[in-house]
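Open the structure in your viewer and keep the selection tool at hand. The stops below say what to select and what is there.

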Amino acid sequence: AEDAADTRDLVAFALHRAGAEVIAVPDGREAVEVSAEIFNLILLDIRMPELDGVAAAREIRRRGYRGAMIALTASTAERDRERILSAGFDDIWAKPISLEGLVERASAYLESVHAPPPPEAPRHPSPEPRDTRARWELAVSHFLDSLPDRWKALEVAVAMIDSTKTCEVL
């Protein structure tokens, strides 16, 4: 589960290309809904609207999921680590993480815990294109669509830094 569409699409693309079957969802609520499926590994972003990764992990565990669950977060402060791990996560992977690194860590993690292949589960129709080129084009399209919002956020951050410097000088 990842709320940033471009990131979600790229991660799903990289994992799918590495041979994984992937169900990618935009928020914690949908992650909880699909957690009834049989998974070897669940990756959850921590900061998401609606239902954040910590609350989603607690609910997924409450509903009986006993498989591996990894938190993806930019915050690696000790107080955050304790809160995240106590929610039922098995590990925390710091963002940013390269797609290659993500695939390598997911593969290594699954091999280290000797996860058995999942039994056949009912398939959900995927709204994502199946062929590699179309999936890549969709991921790039989502990224490009998000650039204006990212640019505005960057402008706000720079303005805040500039106003802080101005205040320090005064």
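The tour starts at the sheet, moves to the helices beside it, and ends in two loops.

The model is predicted: local features need pLDDT of at least 70, side-chain atom pairs count only at pLDDT 80 or more, and totals for chains, interfaces and linings use all residues. Residues are numbered from 1 along each chain as its sequence is written, and side-chain values use heavy atoms, with hydrogens and water left out.

**The sheet**

Select residues 68-73, strand β2. Helices (H or I, at least four residues) and strands (E, at least two) are DSSP runs, numbered from the N terminus. Is β2 buried or exposed? Six of the six residues are buried, so the strand is largely enclosed by the rest of the structure. Buried means under 20% relative accessible area, exposed over 50%, and partly exposed in between, with a 1.4 Å probe and protein chains only. Colour A68, I70 and L72 for one side of β2 and M69, A71 and T73 for the other; both faces are covered.

Add residues 41-45, strand β1, which pairs with β2 in the parallel sense over five bridges. Two strands pair if DSSP finds at least two bridges between them. To find one bridge, pick I42, whose partner in β2 is M69.

Next add residues 91-94, strand β3, joined to β2 by four bridges, again in the parallel sense. Here L72 has W93 as its bridge partner, and T73 has A94.

With the three strands shown, the order of this open sheet is β1-β2-β3. The edge positions belong to β1 and β3, each with a single partner strand, so one side of each has no neighbour in the sheet. Neighbouring strands are turned by 25° against each other on average, direction ignored.

**The crossovers**

Select residues 53-62, helix α3, which makes a right-handed β-α-β unit with β1 and β2. Then select residues 78-86, helix α4: the chain passes through this helix from β2 to β3, also in a right-handed crossover. Right-handed means that, with the strands pointing away from the viewer, the path from the first strand over the helix to the second runs clockwise.

Helix α4 lies across β2 and β3 and runs at about 135° to β3. Axes are lines fitted to C-alpha atoms, for helices over the stretch in contact, and angles run from 0 to 180 degrees between N-to-C directions.

**Along α3**

Which residues of α3 are buried? They are G53, V54, A56, A57, I60 and R61. These residues lie on the same side of α3, because they cover an arc of only 160° around the axis; the arc is that of the directions from the helix axis to the C-beta atoms. They pack against α2 (28-34), β1, β2 and α4, where contact means heavy atoms within 4.5 Å.

Now go to the N-terminal end of α3, which D52 caps: a side-chain oxygen is 3.2 Å from the backbone nitrogen of V54. After α3 comes G64, with a positive phi near 105°.

**Two loops**

Select E50, in the loop between β1 and α3. Its phi is positive, near 70°, in a residue other than glycine. E50 is exposed, with a relative accessible area of 61%.

Finish at P96, in the loop between β3 and α5 (99-112). The peptide bond from K95 to P96 is cis, with omega near 0°. Most residues other than glycine have a negative phi, and most peptide bonds are trans.

Methods
Polar contact = N/O pair within 3.5 Å; in protein donor to acceptor, adjacent residues only side chain to side chain.
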